[in-house]
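Colleague: I would like to learn how to read a model like this one, going from single residues up to the way chains meet. Could you take me through it feature by feature?

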2 protein chains.
Amino acid sequence: MSGSLRAVDIIRRKRDGGTLSPEEIRFFLERYTVGELPDYQASALLMAVFVRGLSDDELGPWTQAMLHSGVVVDFGDIPGAKVDKHSTGGVGDKISLPLAPAVAACGVRVPMISGRGLGHTGGTLDKLESIPGFRVDLSMDAFRSAIAELGIALIGQTAEICPADKKLYALRDATSTVESIPLIASSIMSKKLAEGIDALVLDVKHGSGAFMKDLSRATALARAMVAIGESAGKRVSAVLTDMGQPLGEKIGNALEVEETLDVLRGAGPADVVLLTVELGAEMLLLGEAVRSRDEGRARIRDVLQNGRALEVFRACVVRQGGRPDALERLPRARHSHVVRAPRSGFVRAIDTESVGVAAMLLGAGRATKEDPIDPSAGIVLACRLGDHLEAGQPMATLCFNDVARAASAEARFLSAYTLGDERAASPPLVTMRIVSKGVDSAA
Amino acid sequence: MSGSLRAVDIIRRKRDGGTLSPEEIRFFLERYTVGELPDYQASALLMAVFVRGLSDDELGPWTQAMLHSGVVVDFGDIPGAKVDKHSTGGVGDKISLPLAPAVAACGVRVPMISGRGLGHTGGTLDKLESIPGFRVDLSMDAFRSAIAELGIALIGQTAEICPADKKLYALRDATSTVESIPLIASSIMSKKLAEGIDALVLDVKHGSGAFMKDLSRATALARAMVAIGESAGKRVSAVLTDMGQPLGEKIGNALEVEETLDVLRGAGPADVVLLTVELGAEMLLLGEAVRSRDEGRARIRDVLQNGRALEVFRACVVRQGGRPDALERLPRARHSHVVRAPRSGFVRAIDTESVGVAAMLLGAGRATKEDPIDPSAGIVLACRLGDHLEAGQPMATLCFNDVARAASAEARFLSAYTLGDERAASPPLVTMRIVSKGVDSAA
């Protein structure tokens, strides 16, 4: 069958807006991954896909081809539901850190494979690595035993998982074919489906701090990912959430672990708690540990209040290389600087991406993949959308070790805030939910 | 300036349908030609150009960047106008062979750099090389002295001319980005403008044997090429001509040289003579050797009738390595087979591309760039559109050395002809003329 397939014909068909067959998609991606097709043919196809799109009929086979380019984890011998969460990324989005132990504390296993931060968004791996001794590079055996015995493991992507995605992603980065909904959706879903999960909750961000700024593109991405999950026979819920302001009060790796500990002690900012509860309830519902979202919400709130989630998180830290007192020894920046309101007024709008860039400038993030990170650097916010500030009142505290970085970060931070005389309405945090077949949207 | 340019930004702008600046175009094509940008970025840009197109404002700088990637011939020290003709290629299109010596015999110099055939269309170089001893690989010095002393030279593209085009063309072939009007137009025009000509006549084919089957796409290609020539300050005329049937009676390399000799002796098929006269008159007008096309037509007819054009052709053959009797020693195929009409009727339509493929199957052309050519193989036609045939009457004679090739070629040839009971109108050979500024369309 594939003997008669030719890369140029496949590129031509997509170029002209046609639909590729599953055989054509498999042929191209398999041959490309093993090096039998050159980068220049793949980049031509990627550009054609970028412009012409992929139909739902193509998206499933495309994702499956990427998924099967490497190892697919099989947790079939470990009882109980395995459910993960993925976020498209935002500023201050540390939700994975309180969420995974909370869900595991409720009896649903969470095999979570995360990424690093780039640009204005942070990465779960970087946050975890700010915990002294914490290792994200577990072997596949250690990953499996952690899931079997503790119900939670938080690791980075291994070389065995989705090599096609690694190769394609590097090529997309160099050929301006990143911001394509089908390519983003298949990249995310292939990695998540390789984790051996039964169900997946997607946190799809929109707004000024999100990768997809507008709701309609975020919705299209959510639909594409849910469709892929459905075609793979998985239960998937996508929750659309607002990233029109940073999530929580703390931005920066160790600072976000501190805020995580607040949440796991039954405190923490209302928005972080709300999103942890919402996404946790969805994971428990998809993992069939509860019959309704309200039951799920109550369970998550319980384990945040009674210390069970914190206990699981501590056990996870120790299991992954942290000392027992690691969470009491988080790195702290040597310097801080209070940013003050330049005038009186209400916080009317926040360019959240610029707040993320300000944190990056302090050392909390990377401008390029090779940049080092300062785990202690970041920003502690003192105001939210809708708050009223007097001139000179603190808006935030910048935390840093490199004094040379503070001035440009402060300027960038201040440029992000629009102050005005009228109070602006605060948008709801959770905008919409899109679910796959087999998930009760009303439960 | 170019220090801040980045390939990914240029790809992104074209991907999103934007217009590239001359600096961006120059940056990308210069860096790509010298190997500083990888093939995979170039193929992504080519696919974006394929889908989004290039505006007239981009087409000029794009062509100039390709043109200046290599040597640009300067004939400034040789007096008189230098004018070339380029055809987009067809079946039986040997017009360059009688045309170039006819125009040179009228005092306009013709520095003609041609290509080889691929697929169903023949190439001028292959036809010339069927003349025993004829060499198309003259040095640049020999090319110049032939133009200065004889007024004509017929050579192949050298490595020094338009290296960017060679590199891009190979990449387009492998990435399904060939059939793009701006990419075709800039590829043709960059090579022609590198020849050091003052003016150029383009024969843009349309119909079943042409690369551009429909008139509207052929017209768009013609307009794009005329616009490029205009922006380079050259006089350019594009003549749109019908390729709804093969040109002349003979298809195949040595056979087309034979037909050329007929035309140069004042005979030959009417369509070949007509097109030689039309294109020749246009070249003389653009070369300012005549004041009107009618005067040009008369001059060309004269040199075809009085033997002056043949004399120039013979001198050219000898100068480029042929023996004085080379034209009397053209190769002839050992075998021939008469194809007969399967029924009575009028020739209502010809799939000219299939006739070209039939000749290729006999050995006259190449399926891939590496295939050898049989210079003596080909087809001698015995009927044209509109002719009436009796069942069993000869339609053509197939000429070949390899007996194993005849059956599939005959089947392919017969499949090309639609016979019917009513006579079909014969289309005009010359459809339209598009001229640049400085060319009088009414002259």
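Modeller: Happy to. Let's start with one residue and its surroundings: setting aside residues up to four places away in sequence, B:K127 touches B:D93, B:K94, B:L97, B:G122, B:N253, B:E256 and B:V257. Do keep in mind that this is a predicted model.

Colleague: Where does B:K127 sit, and is it buried or exposed?

Modeller: B:K127 belongs to helix α6 of chain B, which covers residues 124-129. For burial, look at the relative accessible area: under 20% is called buried. B:K127 has 2%, so it counts as buried.

Colleague: Which residue has a side chain in polar contact with that of B:K127?

Modeller: That is B:E256, and the contact between the two side chains is 2.9 Å. B:E256 is also one of the residues in the list of neighbours above.

Colleague: Let's move to a whole helix. Which residues of α7 in chain A are buried?

Modeller: Helix α7 of chain A spans residues 140-149, and its buried residues are A:F143, A:A146 and A:I147. Looking down the axis of α7(A), you find these buried residues within an arc of 95°, so they line one face of the helix. On the face turned away from that buried side are the exposed residues A:D141 and A:E149.

Colleague: What covers the buried residues of α7(A)?

Modeller: The cover includes β2 (110-114), β3 (152-156) and α14 (308-319), which belong to chain A. While you are there, look just past the end of α7(A): A:G151 has a positive phi of about 85°.

Colleague: Now salt bridges. How many are there over all chains?

Modeller: A search of the whole structure gives 80. One of these joins the side chains of A:R144 and A:D77, at 2.9 Å from N to O. This pair links distant parts of the chain, with A:R144 in helix α7 and A:D77 in the loop between α4 (56-67) and β1 (83-87), 67 residues apart. For their exposure, A:R144 is partly exposed at 21% relative accessible area, and A:D77 is exposed at 57%.

Colleague: Which residue does A:R332 pair with?

Modeller: A:R332 forms a salt bridge with A:E258, and the closest N and O atoms are 3.3 Å apart. Here too, distant parts of the chain are linked: A:R332 is in the loop between α14 and β7 (335-340), A:E258 is in helix α11 (residues 253-264), and 74 residues separate them. A:R332 is exposed, at 64% relative accessible area, whereas A:E258 is buried, at 15%.

Colleague: And how do I read the relation between the two chains?

Modeller: Superpose the copies and look at the rotation. A turn of 180° with 0.0 Å of shift along its axis lays chain A on chain B, with an RMSD of 0.1 Å. The two copies are thus related as by a two-fold rotation axis. The C-alpha of chain A nearest that axis belongs to A:Y40, at 2.0 Å.

Colleague: Why do you say that the copies meet through the same surface?

Modeller: Because 100% of the interface residues of chain A are also interface residues in chain B. In counts, 23 residues of chain A are in contact with 23 residues of chain B. Together the two chains bury about 1800 Å², with 63% of it on carbon and sulfur atoms. A:R15, A:Y40 and A:S176 supply 33% of the area that chain A buries against chain B, more than any other three residues.

Colleague: How many salt bridges cross the interface?

Modeller: There are 4 between chain A and chain B. In one salt bridge across the two chains, the side chains of A:R15 and B:E179 meet at 2.9 Å, N to O. As for which elements take part, α1 (7-15), α3 (39-52) and α8 (163-174) of chain A each supply at least two residues of the side that touches chain B. The largest share of that side, 10 residues, comes from α3(A).

Colleague: Could we end with a residue of chain B that touches chain A?

Modeller: Try B:M47, which lies in helix α3 (residues 39-52) of chain B. B:M47 is buried, with a relative accessible area of 0%. Beyond its close sequence neighbours, B:M47 touches residues of chain A including A:I11, A:R15 and A:M47, and residues of chain B including B:T175 and B:S176.

Key. Residues numbered from 1 in each chain as written. Chains lettered and ligands numbered in written order. Predicted model: local features only at pLDDT ≥ 70, side-chain atom pairs only at ≥ 80, totals over all residues. Heavy atoms only, no water. Helix = DSSP H or I, 4+ residues; strand = E, 2+ residues; numbered from the N terminus. Buried < 20%, exposed > 50% of the residue type's maximum accessible area, 1.4 Å probe, protein only. Polar contact = N/O pair within 3.5 Å; in protein donor to acceptor, adjacent residues only side chain to side chain. Contact = heavy atoms within 4.5 Å. Arc of directions from axis to C-beta. Least-squares fit on C-alpha atoms with pLDDT ≥ 70 in both. Buried area = accessible area lost by both parts, 1.4 Å probe.
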